[in-house]
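Opening the notebook on this one. I want to go from a single residue outwards and jot down what I find.

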Amino acid sequence: MEVTWWGHATCTIEDAGARVLTDPLFVRRFAHLRRRRGDVPPPEAAVADAVLISHLHSDHLHLPSLARLAPGSLLIVPRGAVGAVPGLRVLRRMRGLRITEVAPGDEVRVGEALIRAVVAVHDGRRYPVGPHRVPALGYVVEGEARTYFAGDTGLFDGMAEAVGPVDVALLPVGGWGPNLGAHHLDAARAARVLTMLGPRSAVPVHYGTYWPIGMDAVRPHEFHSPGDEFVRHAALVAPEVAVHRLGHGEHVRPEARR
């Protein structure tokens, strides 16, 4: 299996002949954020057998990026997303996207790979439109390996039981601004996840890509350092886990399951 990190929470997981894309964000700038590191992902990044959406925040469910998917692409979203985000209905009608809504415990077969939705603890509402409360999700992609894509989440009791055994963990370690809100992982908390889940390999994501326009000098270490900090914390609390800090567009082939 192979993992490519395109920046922010956007990854491609290739396993068992299936190509799975997470939270695609394919723009140089959106809202008040500008991409400060890494090129915008190339067209081949939008090619996928299935696309996973972890929650409805616009840096994870980005409608213009979803419009770049091939017609007929399979989009897996949290249950209630289609009702909460009218643009999804437009994409389904205009682009022919096949949208499947899931809740924790639901499974979707994609070729020889199995995708399972798992709990995430995060505010999954769509801003600024309405009070719709749609739960945030993580996903486990199981093929030759079991790869956990956490989306956005905080630590929570029963996390190991909710996620199950995994071989590779794609964990958020930062954010897109000088402060992380509630129910996020920073580098230290993400390292604690390794002690809870016990994967063989980990890849830090959700850092070092987007930053608010005009705030380049405000707490810049929060932009640059989370990846290195995760490596440092992981070495202290989970030295048996191989951590792969990727550059934008780089890929790795982690070890398969034990």
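**Entry 1: Ile115 and the core.** I started by listing the contacts of Ile115 in this predicted model. Leaving aside neighbours within four places in sequence, Ile115 touches Val20, Ala50, Leu52 and Ile76, among others. The list also includes Asp106, Glu107, Val108 and Val110, and then Tyr139, Val140 and Val141.

Next I looked up the largest nonpolar core, which has 51 residues. Ile115 is among those with the most contacts inside it, along with Ile76, Tyr139, Tyr148, Leu171 and Phe230. Which helix gives the most to this core? It's α5, residues 187–197, with six residues. Another core lies apart from this one, with 23 residues, and I noted Leu75, Ala81, Ala84 and Ile99 among them. As background, nonpolar side chains in soluble globular proteins tend to be buried together.

**Entry 2: around β11.** Tyr139 and its neighbours sent me to strand β11, residues 137–142. Is β11 mostly covered or mostly open? Mostly covered: five of its six residues are buried. On one pairing, six bridges join β11 to β10 (residues 113–119), and the two run antiparallel. I checked one pair there and found Val119 opposite Leu137. β11 also pairs with β12 (residues 146–149), again in the antiparallel sense, over four bridges. Tyr139 has Phe149 as its bridge partner in β12. β11 and β12 make a hairpin, with three residues between them.

**Entry 3: the seven-stranded sheet.** I then traced an open sheet of seven strands, in the order β8-β7-β6-β3-β2-β1-β17, and its pairing is mixed. Which strands stand at the edges? They are β8 (98–102) and β17 (251–252); each has a single partner strand, so one side of each is left without a neighbour in the sheet.

I went through the N-terminal part strand by strand. β1 (residues 2–7) runs antiparallel to β2 (residues 10–15), with five bridges joining them. Thr4 has Thr12 as its bridge partner in β2, and Gly7 stands opposite Thr10. The two strands form a hairpin with two residues between them, and His8 in the turn has a positive phi of about 50°.

On to the next pair. β2 and β3 (residues 18–22) are antiparallel too, with five bridges. Thr12 turns up again here, with Leu21 as its bridge partner in β3. The hairpin of β2 and β3 also has two residues between the strands, and Ala16 takes a positive phi near 55°. I checked burial for β2 as well: five of its six residues are buried, so β2 is largely enclosed by the rest of the structure.

**Entry 4: Asp23.** Just past β3 I stopped at Asp23, which is found in the loop between β3 and β4. Is Asp23 buried or exposed? It's buried, with a relative accessible area of 0%. Which side chain does Asp23 meet in a polar contact? That of His60, at 2.6 Å. His60 is also on the contact list of Asp23, which leaves out neighbours within four places in sequence. The rest of that list is Ala9, Thr10, Leu52, Ile53, Ser54 and Phe149. Leu52 had come up in the Ile115 list as well, and Phe149 as the bridge partner of Tyr139.

**Entry 5: the small sheet.** The loop with Asp23 leads to β4, so I followed that strand next. β4 belongs to an open sheet of three strands, ordered β4-β5-β15, with antiparallel pairing. Its edge strands are β4 (29–30) and β15 (210–212), and each pairs on one side only. Two bridges join β4 to β5 (residues 33–35), and Phe30 has Leu33 as its bridge partner.

**Entry 6: whole-protein numbers.** Last, the totals. I count seven helices and 17 strands in the protein. The radius of gyration is 17 Å, close to the 18 Å that the globule rule gives for 258 residues, so the protein is as compact as a globular protein of that length. The C-alpha trace spans about 50 × 45 × 35 Å along its principal axes. Buried residues make up 53% of the 258. Of the contacts between residues at least 6 apart in sequence, 68% join residues at least 24 apart. The accessible surface comes to about 10600 Å², and 52% of it belongs to carbon and sulfur atoms.

How values were computed:
Residues are numbered from 1 along each chain as its sequence is written. This is a predicted model: local features need pLDDT of at least 70, side-chain atom pairs count only at pLDDT 80 or more; totals for chains, interfaces and linings use all residues. Side-chain values use heavy atoms; hydrogens and water are left out. Two strands pair if DSSP finds at least two bridges between them. A nonpolar core is a set of buried Ala, Val, Leu, Ile, Met, Phe, Trp, Tyr and Cys residues joined through side-chain atoms within 4.5 Å. Buried means under 20% relative accessible area, exposed over 50%, partly exposed in between (1.4 Å probe, protein chains only). Contact means heavy atoms within 4.5 Å. The radius of gyration is taken over C-alpha atoms; the globule rule is 2.2 Å times the number of residues to the power 0.38. Accessible areas come from the Shrake-Rupley method with a 1.4 Å probe; for residues, only the protein chains shown count as cover. A polar contact is a pair of N or O atoms within 3.5 Å; within protein, one must be able to donate a hydrogen and the other to accept it, and residues adjacent in sequence count only if both atoms are side-chain atoms.
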